[in-house]
Amino acid sequence: MAVDDTGVRDQLVEAFLAADGPISGEELSHRLGLSRTAVWKQVKALEQVGFEFEASPRVGYRAIRIPDELMAPLVRPHLPPECLLGSPILWAASRASTNDTALELAAKGLPHGGVVTAGEQTGGRGRRDRAWASPRGGMWFTVFVRNPCALRHAPDLTLLAALGVCRALRVEGVPAQIKWPNDLLLNGKKIGGILAQIRAEGELVDHAVIGIGLNANFSIEALPADIRHRATTILHEMGTPIHRAKVLARILTQLDALYRDLQDGRGFQAVHAEWTALCSTVGQEVEVAMGEERLRGIARSIEPDGSLVLETSPGVTRTVVSGEVLFSAREQV
Ligand code: BTN
């Protein structure tokens, strides 16, 4: 797989977006350097993924429906020019896992800031080797970063990603919260998660893939029945879909700023207060899984390094550096 094999399709979408009327097949074939038949095939491929065209003989094609997919030409107009994340954005209608594709492309020279997106995932992966349901309508993407931080700050990558997503959703009017360390909640139920994979060289993180999944615009019936009591979708909670391409641009803009600060040595500590304010875990009775070990107690605080302080019995605390909150007694998450 080449690092950017989406070029022709994206150019075609750009041409339709820029056009204020129909474009002839001849014009498109000239601009794209393709035969008329190849252009026609590309148009048909776009129809398969939700585009609709009006085709008039001798006049050409006009796009009459452009779907909200996480494709470069649809996301980029919402990105500020200074944002280093989002180039390239590699969309496919279906991938096994955007993290897997990003890891493959990392070995082939994917640059810092490359983003791999998918309309659906057939082998989406969650933390602790769990499957991650990824139907159409969700936001499934992986951000690739090179030399993001020292190895000891690797946990910051996910903590900051959770904050970036939370901020972006809030700007869009979705009052998301964070469940320590990196789940996204809405109305107390999970709407998203983050799976970061890093490759370290000595004391430094050489590169990282930050996989982010958001249950955006699909019905909760598309989630596995056994998680519906604790997971939901933004569409279900808010009653209206979000503009996924715009939300992705907002998330990338937030992550870009947070990761630049991290590279400059200002990691989680700099956003500790904001993060804690958005975290629903503090004050809750929770059970935390750390490998095989389970700890129960009341989440008392988040430390400036991102660890969780748990009061396991009156006056006795344990600091948990990494783990997963299995449930909270009050929220049933
Ligand atoms: C979790 O268990 O909470 C983490 C879920 C992470 C899912 C995302 S979707 C995009 C990326 N690709 C994957 O296969 N997983 C992550």
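Gly-123 is placed in the loop between strand E4, residues 115-121, and strand E5. I should say at once that the model under discussion is a predicted one. With a relative accessible area of 31%, Gly-123 is partly exposed, because that class covers what falls between under 20%, which is buried, and over 50%, which is exposed. Gly-123 and Ala-133 stand 10 residues apart in sequence, and their C-alpha atoms are 8.1 Å apart in space.

The loop between E4 and E5 also holds Asp-129. What is the sign of phi at Asp-129? Phi is positive there, at about 60°, although Asp-129 is not a glycine. As to its surroundings, Asp-129 is exposed, since its relative accessible area is 81% and exposed means over 50%.

A second residue may be discussed alongside it. Asn-187, in the loop between E7 and E8, has a positive phi of about 55° and is not a glycine. Asn-187 is likewise classed as exposed, with a relative accessible area of 53%.

Let me turn to the ligand. Which residues come nearest to the ligand? They are Ser-97, Gln-121, Arg-125, Arg-127 and Lys-190, out of 19 residues around the ligand. Three contacts can be described at the level of atoms. For Arg-127, a backbone N or O atom lies 2.7 Å from an oxygen atom of the ligand. For Lys-190, a polar side-chain atom lies 2.7 Å from an oxygen atom of the ligand. For Thr-98, a polar side-chain atom lies 3.1 Å from a nitrogen atom of the ligand. On its own, the ligand has 420 Å² of accessible area, and the protein covers 99% of that.

Where does the ligand sit? The ligand is located in the largest pocket. The elements that contribute two or more residues to the shell around the ligand are helix H5 (98-106), strand E5 (139-146), strand E8 (189-201) and strand E9 (204-214). Strand E8 gives the most, with four residues. By residue class, the shell around the ligand is made up of 10 polar, five nonpolar and four charged residues.

Strand E5 also holds Val-145. Is Val-145 buried or exposed? Val-145 is buried, because its relative accessible area is 0% and the limit for that class is under 20%. Val-145 and His-207 are 62 residues apart along the chain, and 5.6 Å separates their C-alpha atoms.

After E9 we come to the loop between E9 and helix H7 (234-238), where Thr-232 is found. Thr-232 is buried, with a relative accessible area of 1%. The side chains of Thr-232 and Glu-237 are joined by a polar contact of 2.6 Å.

The next topic is the peptide bonds. Which residues does the cis peptide bond with omega of about -5° join? The residues are Ser-87 and Pro-88. Pro-88 has its place in the loop between helix H4 (72-75) and strand E3 (89-95). A further cis peptide bond runs from Trp-180 to Pro-181, with omega near 0°. Pro-181 belongs to the loop between strand E6 (177-179) and strand E7 (183-186).

The loop between H4 and E3 also contains Leu-79. Leu-79 is buried, as its relative accessible area is 13% and buried means under 20%. How many residues separate Leu-79 and Thr-317 along the chain? The two are 238 residues apart along the chain, and their C-alpha atoms are separated by 44 Å.

Finally, I come to Glu-287, which is placed in strand E10, residues 285-290. Glu-287 counts as buried, because its relative accessibility is 15% and the cut-off is under 20%. The C-alpha atoms of Glu-287 and Val-174 are separated by 27 Å, the two residues being 113 apart along the chain.

To close, I return to the ligand: it sits in the largest pocket, and the protein covers 99% of the 420 Å² of accessible area that the ligand has on its own.

Definitions and conventions: Residues numbered from 1 in each chain as written. Predicted model: local features only at pLDDT ≥ 70, side-chain atom pairs only at ≥ 80, totals over all residues. Heavy atoms only, no water. Near = heavy atom within 4 Å. Polar contact = N/O pair within 3.5 Å; in protein donor to acceptor, adjacent residues only side chain to side chain. Areas by Shrake-Rupley, 256 points an atom, 1.4 Å probe, with all protein chains shown as cover. 1 Å grid on protein atoms, 1.4 Å probe; cavity = no way out; pocket = protein on both sides within 12 Å on 5 of 7 lines; lining within 4 Å. Sits in = over half its atoms within 2 Å of the grid points. Nonpolar A, V, L, I, M, F, W, Y, C, P; charged D, E, K, R; others polar. Buried < 20%, exposed > 50% of the residue type's maximum accessible area, 1.4 Å probe, protein only.
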